[in-house]
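This report describes strands, their pairing and the helices that pack on them. The sequence and structure come first.

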Number of protein chains: 2
Amino acid sequence: MKRTLAALVAAILLPALASARPRAVGGEAAKAELMSVDTEFSQTAQEIGVGEAFARYADADAVMLPADANAVTGRAAVRRFAELPAGTSLVWKPNKADVAASGDLGYTLGTYEVRGKSADGRSYTRYGKYCSVWKRQKDGSWKWVVDIGTPSPPPQQH
Amino acid sequence: MKRTLAALVAAILLPALASARPRAVGGEAAKAELMSVDTEFSQTAQEIGVGEAFARYADADAVMLPADANAVTGRAAVRRFAELPAGTSLVWKPNKADVAASGDLGYTLGTYEVRGKSADGRSYTRYGKYCSVWKRQKDGSWKWVVDIGTPSPPPQQH
């Protein structure tokens, strides 16, 4: 009887531990982690280029939903599409993250700025906001699976 | 000893069952459920108006990220913002859903069409795609927490 109960304990305990693992990475710690990942993503884009960074941080099923174009699916297409002309920069900053209790799906919201020069040589800054959906990978890292943004009015001057 | 082990079984079993409950509502069944909810959401918008439907399906922290405007936060602001002029219709259809293993967070992707009449009386149709992020509520229902879309080129004619 003792042996049977011990086996029962093991039978219950092992799956419980397995299902507890992703849950442990949900909650506030996971939100902070996702904020950090999205911030690093923007920094990486400054270092290696937006197209390359978008590909590096993309889930295999990643989908961009750009304005005035069809959906862009998969890392290779994303790399081509997201690459910016020389002299144009894109920086962004998350302002919110939320993550499922299981720690395998989350999203970030944030704002972005595009700086460049128009055809007549004038510098411009365009503003926008975005939502990125993220999936945790088998190695524990986060990759974005949906990326979509919309233009915003210039911020109010104070 | 038997009693101690039984208590140990209970101590392990009860949290395991509790953590198994949300997991049971993830997976393919939850994806199908979210596709249905988003489809019903569009049908509801045809019946009671887009603004009212957006408010009814909104999480308390819902955020719309519309083009050329600032983020719109909360049900009351969403209701006002999403209401369309008389004679304008918005219909949408999800083509993908994914849900966290814990069943508490998910998203849908889809396409939309806006039909209306321009100032000169001509009918137009505008096309777009969207991402909605959804949170499961305490009562088990899904409400959207992020809504964002971008215009698409007209579909290719065949």
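In this predicted model, A:Gly140 takes a positive phi near 95° in the hairpin of S5(A) and S6(A). That hairpin has 5 residues between its strands. Strand S5 (residues 123–136) of chain A pairs with S6(A) in the antiparallel sense, over 10 bridges. Within this pairing, A:Tyr127 stands opposite A:Ser152 of S6(A).

Strand S6 (residues 142–152) of chain A also pairs with strand S1 (residues 58–64) of chain A, here in the parallel sense and over 3 bridges. A:Ala58 stands opposite A:Trp144 in S6(A). S6(A) is mostly covered, with 8 of its 11 residues buried.

In chain B, 6 strands form an open sheet with mixed pairing, in the order S2-S1-S6-S5-S4-S3. Its edges are strand S2 (72–73) and strand S3 (89–99) of chain B, each of which pairs on one side only. Strand S1 (residues 58–64) of chain B runs antiparallel to S2(B), and 2 bridges join them. B:Val63 stands opposite B:Thr73 in S2(B).

Helices H2 and H4 of chain B pack on the sheet, as the table sets out.

| Helix of chain B | Residues | Strands of chain B touched | Angle between directions |
|---|---|---|---|
| H2 | 27–48 | S3, S4 (105–117), S5 (123–136), S6 (142–152) | about 170° with S3(B) |
| H4 | 75–82 | S1, S2, S6 | about 50° with S1(B) |

Strand S6 of chain B is touched by H2 and by H4. The edge strand S3(B) is touched by H2, and the edge strand S2(B) by H4.

Methods:
Residues numbered from 1 in each chain as written. Chains lettered and ligands numbered in written order. Predicted model: local features only at pLDDT ≥ 70, side-chain atom pairs only at ≥ 80, totals over all residues. Heavy atoms only, no water. Pairing = 2+ DSSP bridges. Helix = DSSP H or I, 4+ residues; strand = E, 2+ residues; numbered from the N terminus. Contact = heavy atoms within 4.5 Å. Axes fitted to C-alpha atoms, helices over the stretch in contact; angles between N-to-C directions. Buried < 20%, exposed > 50% of the residue type's maximum accessible area, 1.4 Å probe, protein only.
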